[in-house]
Amino acid sequence: MNIALLLAAGTDPTFGMDIPKQFVNVYNRPVIVYTMEIFQNHPEIDRIVVACLKGWENMVEAYAKQFSIKKLAWVITGGGSGQETSRLAVDRLMEECAEDDLIVIHDAIRPMVSDAVISDSIRTCKEKGMGIAAVTSMDNVMMTDDGMTGRLSISRYAFRRIQTPQTYRLDDLKRAHEEALKKGIFGENDTNNMISRLGRSVHLSRGSDLNLKINTVEDVAIFKALYSMKNGDI
């Protein structure tokens with residue numbers, strides 16, 4: 001099976017709204033519903049698990065019923081970091097799924113991910129053992145120590161911006177989390193960061209600049225505009 005693991009356990013005190021980003025309403029639907037619908041409608045996704053912010057689990061289940069997210073199989077309580085949330089979900093899935101099932105990890109606050117990006121992550125994982133969505137930057141990057149002065153310019157061709165989805169085999173992901181705990185690797189906000197800190201090569205798949213991550217109130221406005229364009233409203 002291919003199982004979508006949607007990460008919805010984060011909070012951001014700088015966001016500027018009283019409600020967590022993943023539950024903000026856009027056109028009378030919360031952001032997380034848009035994301036769930038994409039995976040609900042994707043033909044390669046068999047099940048959905050949501051790793052949720054504590055206290056919002058029942059709300060996610062209610063949304064799933066309201067918006068006919070029939071692939072939702074599990075709602076679990078997430079942890080204090082992306083790494084911990086991923087580990088908790090993996091531990092739960094190991095109890096109920098096959099070791100060679102593929103886990104498609106995706107941020108619930110990326111509601112514009114395309115079918116093509118999801119499919120390429122799955123394909124790359126099948127071929128190379130993992131598939132991490134990434135895009136080339138349109139700008140060069142400069143290293144800075146104080147945020148005010150730069151000391152080293154890096155060509156945009158020398159790095160990639162990492163996104164989700166990130167697809168792994170369930171048993172490989174379980175072993176990676178166990179190794180990270182033994183080596184004292186904690187608190188990473190991204191499973192890819194944990195994998196790279198273990199010294200493993202990361203295999204990249206197709207990303208997209210339209211694969212928006214909602215981090216700010218301004219991003220909500222951008223999502224509204226992109227969604228309206230996609231659906232021919234403007």
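This section describes the pockets, one helix, the cysteines and several individual residues of a predicted model.

The search for open space in the structure was considered before individual residues. Rolling a probe the size of a water molecule over the atoms shows where empty space is left. The largest pocket in the model has a volume of about 520 Å³. Of the 24 residues that form the lining of this largest pocket, G10, G82, D107, N189 and K213 are the closest to its centre. Two or more lining residues are contributed by each of the elements β1 (2-8), α3 (82-96), β6 (102-107) and β10 (160-169). When the lining of the largest pocket is sorted by class, it is found to hold 13 polar, seven nonpolar and four charged residues.

The second largest pocket has a volume of about 180 Å³, and its lining is made up of M112, V113, S114, V117, R206, G207, S208, L210, N211, L226, M229 and K230. Helix α7 (residues 217-230) gives the most to this lining, with three residues. By class, the lining of the second largest pocket comprises six nonpolar residues, four polar residues and two charged residues.

Helix α5 (residues 170-182) was examined for its geometry and its surroundings. The helix contains 13 residues and spans 19 Å from its first C-alpha to its last, a value close to the 18 Å expected at 1.5 Å a residue. Within α5, the residues L170, D171, L173, A176, H177 and A180 are buried, and the elements that cover these buried residues include α3, β6, β10 and α6 (191-197). Of these covering elements, α3, β6 and β10 are also among those that give two or more residues to the lining of the largest pocket. Just after α5, the backbone at G184 adopts a positive phi of about 75 degrees.

Strand β10 also contains P165, and the peptide bond that joins T164 to P165 is cis, with an omega of about 20 degrees. Two further backbone features concern the sign of phi. Most residues other than glycine have a negative phi, and most peptide bonds are trans. In N28, a residue other than glycine, phi is positive and near 70 degrees. N28 is placed in the loop between β2 (25-26) and β3 (29-30), and with a relative accessible area of 73% N28 is classed as exposed. S68, likewise a residue other than glycine, has a positive phi near 60 degrees. The position of S68 is in the loop between α2 and β5 (72-77), where S68 is partly exposed, its relative accessible area being 42%.

Helix α2 (residues 57-66) carries Q66, and it also holds V60. The two residues fall into opposite classes of accessibility: V60 is buried, with a relative accessible area of 0%, whereas Q66 is exposed, with a relative accessible area of 56%. Beyond its neighbours within four places in sequence, V60 makes contact with F23, I32, M36, V50, C52, L72 and V75. For one of these partners, V50, which is 10 residues from V60 along the chain, the C-alpha atoms of the pair are separated by 8.0 Å. In the case of Q66, the C-alpha atom is separated by 9.8 Å from that of V33, although the two residues are 33 residues apart along the chain.

The cysteines were considered last. A search of the whole structure finds zero disulfides. C52, one of the residues in contact with V60, is in no disulfide, and the nearest cysteine sulfur, which belongs to C97, is 19 Å away. With a relative accessibility of 0%, C52 counts as buried because buried denotes a relative accessible area under 20%. For C97, the closest cysteine sulfur is that of C125, at a distance of 15 Å, and this is too far for a bond because a disulfide requires sulfur atoms within 2.5 Å. C97 likewise counts as buried, since its relative accessibility is 13%.

Technical notes. Residues are numbered from 1 along each chain as its sequence is written. This is a predicted model: local features need pLDDT of at least 70, side-chain atom pairs count only at pLDDT 80 or more; totals for chains, interfaces and linings use all residues. Side-chain values use heavy atoms; hydrogens and water are left out. On a 1 Å grid over the protein atoms alone, a cavity is a set of points where a 1.4 Å probe fits but cannot get out, and a pocket is an open set with protein on both sides within 12 Å along at least five of seven lines; lining residues have an atom within 4 Å of a point. Grid points are joined across faces, edges and corners, and a volume is the space filled by probe spheres set on the points. Helices (H or I, at least four residues) and strands (E, at least two) are DSSP runs, numbered from the N terminus. Ala, Val, Leu, Ile, Met, Phe, Trp, Tyr, Cys and Pro count as nonpolar, Asp, Glu, Lys and Arg as charged, and the others, Gly among them, as polar. The expected span of a helix is 1.5 Å times one less than its number of residues. Buried means under 20% relative accessible area, exposed over 50%, partly exposed in between (1.4 Å probe, protein chains only). Contact means heavy atoms within 4.5 Å.
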